[in-house]
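Biologist: I have the structure open. Can we go through what is worth knowing about it?
Modeller: Go ahead and ask.

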Amino acid sequence: MRFVDEFRDADKARALSAKITSLCEPGREYKFMEVCGGHTHTIYKHGLEDYLPENITLIHGPGCPVCVIPMGRIDDAIHIARRPGVLMTSFGDMMRVPGSGGNFFDSNAEGTNIRMVYSPLDSLKIARQNPDQQVVFMAIGFETTAPSTAMTVLRAAKEGIENFSVFCNHITIIPAIKAILDSPDLRLDGFIGPGHVSTVIGCRPYEFIASDYGKPIVVAGFEPLDILQSIYMLMLQLKEGRSEVENQYSRVVPWEGNLTALRAIAEVMELRPYFEWRGLGFISHSALRMRDKYAKYDAELHYEVPGVRVADPKACQCGEVLKGVLKPWECKVFGTACTPETPIGTCMVSPEGACAAYYNFGRFTRTRVREASIS
Amino acid sequence: MSTRQEVAAPSEKEQQVLDRIERARRRRAKVKEERITLAHGSGGNATQTLIDAIFLESFRNPLLEPLEDAAELTIAGARLALTTDSFVVSPLFFPGGNIGDLAVNGTVNDLAVSGARPLYLTAGFILEEGFPVADLTTIVDSMRAAADAAGVSIVTGDTKVVQRGKADGCYINTAGVGLREHPGRLGVATVRPGDAVLVSGPIGEHGVTVMLARGELDIEADLVSDTAPVHELVAGLLGTVPGVRAMRDATRGGVATILNEVARAAEVAVVVDESAVPVGTEVRGASELLGIDPLYVACEGRIVAFVDGSCADDALAAMRRHPLGERAAIIGRVKEDPPGLVLLNTVFGGTRICDLLVGDPLPRIC
């Protein structure tokens with residue numbers, strides 16, 4: 001299949017792998033963080049770590065929106081969904097994220113009507129089909145999905161759809177990366193930059209990573225060869241003593257981003273003073289809320305939400321995993337009390353979560369899997 | 001030198017963690033939820049837990065315990081296979097078929113893969129008040145046509161009507177009996193290291209077709225369901241290849257779910273070559289767009305067969321002789337270690353685990 005197979009070519013992967021290995025300085029350990037959960041998923045799905053020399057470690061970053069949503073916001077969403085006449089919509093990944101009293105599926109089993117949609121625009125279709133219901137879209141995601149939420153609100157306004165609102169949980173990537181760079185217990189050699197977010201925000205916002213923190217960052221695509229090439233580009237920067245923002249995903253990511261999308265976000269949403277991130281705590285100016293101009297579509301104003309801050313379960317170490325301080329398997333409850341079926345922490349929920357990806361695809365040590373599959 | 005130790009030490013610790021996890025996975029399943037959720041019907045882990053902890057726990061008997069597609073009963077010297085299946089597919093009509101032929105083929109196939117010649121079916125209907133009689137007629141006509149094609153008769157049935165809103169148009173249950181004429185012992189517990197794994201054709205076509213037929217995704221593809229009776233293909237295979245150990249039809253949960261069930265039941269490892277798995281271009285394209293893996297998508301006319309390694313080529317040839325098996329392929333082999341796991345050699349050249357699916361990307365596909 002065109003545009004897919006070219007990016008999964010094993011011969012090219014072997015050649016890149018040899019070039020990466022040749023750039024490794026003996027005795028030096030390299031740690032790169034892939035910021036985006038989509039990359040984590042690709043890495044495990046294709047077994048990409050098999051191509052990396054042992055002294056390169058990939059740390060899975062906070063770029064999985066489902067993973068960083070705090071429990072309190074899930075409880076708030078369920079609280080809204082329980083109001084009579086409310087039909088809530090959200091992305092499929094959200095359905096299994098645990099709140100303090102269960103997830104959306106559990107909530108549906110108790111009578112709420114929370115439906116999966118593939119696009120926020122589907123919520124408008126549902127709103128038109130159910131004029132007697134109030135349709136609330138539980139919006140999550142980084143700058144990747146915020147434009148489509150914004151466009152949906154704009155369309156609702158244009159078409160005069162009255163029974164639609166948004167419970168806005170959109171977050172922004174840069175403050176999270178900064179929080180990680182400022183975290184004292186982590187030493188990174190560079191970043192594999194988030195590709196999808198960058199299609200919207202472009203590459204310029206990452207410049208502080210290179211200039212202020214002296215770390216290289218390469219914005220990467222989502223096919224396995226994209227990631228391997230990005231690691232090669234990072235290694236080359238280190239070898240040559242450079243720290244720059246480079247764009248491996250130039251076939252999709254424009255350096256300046258997508259101005260139309262950015263304008264749509266700016267029209268509908270504004271920065272919140274602060275927002276809680278699961279595992280990372282409160283980060284200032286790290287999330288979006290609806291502007292007053294669109295208050296009519298703001299579910300937080302329509303419905304009283306408890307807004308109670310729910311502490312993460314004690315045993316859960318998602319925060320450390322999200323910051324890359326712990327590998328998923330180093331968490332105390334990984335794979336025993338916390339599994340994809342019964343997740344305690346959010347990292348175990350989404351297939352893009354570091355723990356779920358590791359549990360589903362990479363649970364056994366690489367050597368044992370390789371021995372079994374080759375022999 | 002010191003770096004080597006640094007690398008080796010955590011991997012030992014990692015191994016301890018992984019062993020602990022495997023022990024946890026082997027513990028008796030418990031249903032933790034207070035209410036049934038859609039995940040319990042997905043065919044994945046939650047379904048297995050429900051079956052083990054609720055149904056098997058209460059109904060336990062030696063005939064049920066192997067949890068095969070059909071139970072084997074010996075009555076007055078005759079070896080019978082008995083199976084049942086319910087159908088709640090949405091939409092009721094989709095390219096390549098409807099709930100009616102699906103309901104017949106599904107039960108025919110459960111009998112066929114257990115090594116039995118399908119003979120008689122029952123049909124139970126749960127209809128919603130207001131359901132168009134014309135639709136019911138179309139469904140029943142396709143059931144009769146499917147039964148004729150499979151050489152079975154529908155010999156008894158039942159009808160219930162529920163209030164509007166209490167069902168989604170039409171649900172069908174079918175049960176079937178067949179005669180086991182094949183002398184050998186078939187069953188997933190007989191699978192052993194060295195066996196080859198085959199699929200009878202391109203996978204995932206039914207699941208993707210039904211999902212697109214719902215019209216929620218605004219994706220169009222030239223795809224029809226693969227729903228078909230596999231009894232002739234199976235008879236051809238059993239008739240010419242002595243080393244067939246087990247067969248399953250890869251319905252809900254797809255091929256990957258079958259492989260996991262076998263790996264666990266036979267305590268073997270199943271190693272699959274991703275590049276050998278036949279997947280049509282439309283299914284691949286739709287799966288890439290939707291972020292789903294065709295290995296987990298349902299088929300309704302494809303079988304997965306485990307055969308003695310020395311018979312692999314004969315089995316492949318036997319499958320390919322039947323029109324339904326023209327694109328059959330050997331997709332992997334059975335190994336000893338690590339037991340209970342399915343491993344995938346990816347097209348990219350990496351390796352990974354291919355586990356039971358959690359959650360359901362495609363509810364109500366059969």
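Biologist: What average pLDDT does chain A have?
Modeller: This is a predicted model, and the average pLDDT for chain A is 90. At least 70 is reached by 96% of its residues.

Biologist: Which elements of chain A have the lowest and the highest mean pLDDT?
Modeller: The lowest mean belongs to α15(A), at 56. Strand β8 of chain A, residues 217-219, has the highest, at 98.

Biologist: On to the interface. How many residues of chain A are in contact with chain B?
Modeller: On the chain A side there are 42, and they are in contact with 42 residues of chain B. Elements giving two or more residues to the chain A side include α1 (10-23), α2 (37-45) and α14 (354-361). The most comes from α15(A), with 5 residues. That is the element of chain A with the lowest mean pLDDT.

Biologist: And how does that side of chain A divide into nonpolar, polar and charged?
Modeller: There are 18 nonpolar, 11 polar and 13 charged residues on the side that touches chain B.

Biologist: Different topic, helix α5 of chain A. Which of its residues are buried?
Modeller: In α5, residues 120-129, the buried ones are Pro120(A), Ser123(A), Leu124(A) and Ala127(A). Viewed down the helix axis they fall within an arc of 100°, so they line one face of α5(A).

Biologist: What covers them?
Modeller: The cover includes strands β3 (86-90), β5 (134-141) and β6 (164-170), along with helix α6 (146-159), each in chain A.

Biologist: Now chain B. How many helices and strands?
Modeller: Chain B has 9 helices and 14 strands. Its radius of gyration is 21 Å, which agrees with the value near 21 Å for a compact globule of 366 residues. Of those residues, 48% count as buried.

Biologist: Where are the prolines with a cis peptide bond, Pro91(B) and Pro338(B)?
Modeller: Pro91(B) is in the loop between β2 (78-87) and β3 (93-94) of chain B, and the bond from Ser90(B) has omega near 5°. Pro338(B) lies in the loop between β12 (329-335) and β13 (342-345) of chain B; there the bond from Asp337(B) is cis with omega near 0°.

Biologist: What is phi for Leu67(B)?
Modeller: Phi of Leu67(B) is positive, about 50°, although the residue is not a glycine. Leu67(B) is in the loop between α2 (45-59) and β1 (71-75) of chain B.

Biologist: Why is Leu67(B) classed as partly exposed?
Modeller: Because 14 other C-beta atoms lie within 10 Å, and the partly exposed class falls between 12 or fewer for exposed and 20 or more for buried.

How values were computed
Residues are numbered from 1 along each chain as its sequence is written. Chains are lettered from A and ligands numbered from 1 in the order in which they are written. This is a predicted model: local features need pLDDT of at least 70, side-chain atom pairs count only at pLDDT 80 or more; totals for chains, interfaces and linings use all residues. Helices (H or I, at least four residues) and strands (E, at least two) are DSSP runs, numbered from the N terminus. The radius of gyration is taken over C-alpha atoms; the globule rule is 2.2 Å times the number of residues to the power 0.38. The arc is that of the directions from the helix axis to the C-beta atoms. Two residues are in contact if their C-beta atoms, placed from the backbone, lie within 7 Å. Ala, Val, Leu, Ile, Met, Phe, Trp, Tyr, Cys and Pro count as nonpolar, Asp, Glu, Lys and Arg as charged, and the others, Gly among them, as polar. pLDDT is the predictor's confidence in each residue, from 0 to 100.
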